[in-house]
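Okay, thanks everyone for coming. Let me put the model up on the screen, and then I'll walk you through its disulfides and its aromatic rings.

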Amino acid sequence: MKRTHLLTLIALFSVMLIGHASAQIIFFADFESNSAEAVPDASVNDPANWVSENAGTIWAEATEFPGGEGALHQTQEGCGISGNTPLPGVDDFSNGIIQGVFSWQDDDSVGFQFRRIGDDRGYLVVFGYNETPQVIVGSLADGCCPSGECLSGCACENDGENVLASADHGLGAGLTQDNSVAYFGRVQVTDSLIQVWYMPLADAPGLFVDSEELGDPVVEYDGADDLGPGTVGLWHESWGNGRVGSVLVTGPGGTVAVDPHAKLSTTWADVKNSY
């Protein structure tokens, strides 16, 4: 009996190790000059490689992200310049984690598109702010949200008829719009389940943590179709002077396997501790 129990424990432990090791960091942009942390290489930090589907969106380098770290800066405003910017080289995402760190200088929203195949297959998660005080899950098949349109124009805002799931973002009202506060947003995609976390960066336990350490998701949707591998993109609506401090994508699993003492991990700790 003891031997049976021991073999069971060994098998269970092996499965846990295999599952944890299966996750890979497939994209990491920290927007630092000559970065050794970027994945797959430092080219992902170059704004010239972030080519929006909407020519009105213009990404530029910023050096004044909260805490002084490098950032990507969206310099235009207006619903007409809204849309998706594919992450450089991320073309075959199905399951995993997509997350970023953001700061605001207006009241509009930012988010991620993923599992995207063409203009009408894929999903959108929106991190709302002042004008849209919700976290929203929508589908491209339902029209969420064409290039050049704000959420209100495609019925994907707050409790719009095309929204798959939504919840109050829990950040309160009258949020600062001077790029002085950074926020952490994570999307975890596991087969049909989409889970979203959203909080001030100062409240996040770290970049390389299992999602369980983030507490309950703000919103989740269990009904996503397996569309096959697709692209991941940074989406925004009229996000004038918004800034992105880091962007991470893992796959194929839904956990992050990384040495907690490695430089890539301690870089995040330095960012978090700067607040």
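Let's begin with two cysteines, Cys-145 and Cys-154: both of them are buried. They're also bonded to each other, as a disulfide with the sulfur atoms 2.1 Å apart. The torsion about that S-S bond is about -115°, so this disulfide is left-handed. Before I go on, keep in mind that what you're looking at is a predicted model.

A quick reminder for anyone who hasn't thought about these lately: a disulfide is a covalent bond between the sulfur atoms of two cysteines. So how many disulfides does the count come to here? With a cut-off of 2.5 Å between the sulfur atoms, it comes to three.

Next one, please find Cys-144 and Cys-156. A disulfide joins them too, at 1.9 Å from S to S. Where do the two ends sit? Cys-144 is in the loop between β8 and β9, and Cys-156 is in the loop between β8 and β9 as well, so the pair ties together parts that are twelve residues apart in sequence. And are they buried or exposed? Cys-144 has 1% relative accessibility, and since buried means under 20%, it counts as buried. Cys-156 also comes out at 1%, so that one counts as buried too. As for the handedness, the torsion about the S-S bond of Cys-144 and Cys-156 is about -90°, which makes it left-handed.

That leaves the pair of Cys-79 and Cys-150, with sulfur atoms 2.0 Å apart. This pair links distant parts of the chain, 71 residues apart. Cys-79 is in the loop between β3 (71-74) and β4 (83-86), while Cys-150 is in the loop between β8 (134-139) and β9 (163-168). The two ends are worth looking at one by one. Cys-79 is partly exposed, at 36% relative accessible area, whereas Cys-150 is buried, at 6%. The torsion about their S-S bond is about -105°, so here again we have a left-handed disulfide.

If you like to keep track of the connectivity, number the bonded cysteines of the chain in sequence order, and the pairing reads 1-4, 2-6, 3-5.

Alright, on to the aromatics. How many aromatic pairs does a search of the whole structure find? It finds 15. One of them is Phe-102 with Trp-104: the ring centres are 6.2 Å apart and the planes sit at 65°, so the pair is edge-to-face. Phe-102 is at 0% relative accessibility, so it counts as buried, and Trp-104 is buried as well, with a relative accessible area of 0%.

Now swing over to Phe-112 and Phe-127. They form an edge-to-face pair, 6.2 Å centre to centre, with 90° between the planes. Phe-112 is in strand β6 (residues 110-116) and Phe-127 is in strand β7 (residues 123-127), so this pair ties together parts that are 15 residues apart in sequence. Phe-112 is buried at 0% relative accessible area, and Phe-127, also at 0%, counts as buried.

So which residues make up the aromatic cluster that these rings belong to? Besides Phe-102, Trp-104, Phe-112 and Phe-127, you've got Tyr-129, Tyr-183, Tyr-198 and Trp-239, and together they form one cluster.

That's what I wanted to show you. Over to you for questions.

Technical notes. Residues numbered from 1 in each chain as written. Predicted model: local features only at pLDDT ≥ 70, side-chain atom pairs only at ≥ 80, totals over all residues. Heavy atoms only, no water. Helix = DSSP H or I, 4+ residues; strand = E, 2+ residues; numbered from the N terminus. Buried < 20%, exposed > 50% of the residue type's maximum accessible area, 1.4 Å probe, protein only. Phe/Tyr/Trp six-rings, centres within 6.5 Å; stacked < 30°, edge-to-face > 60°.
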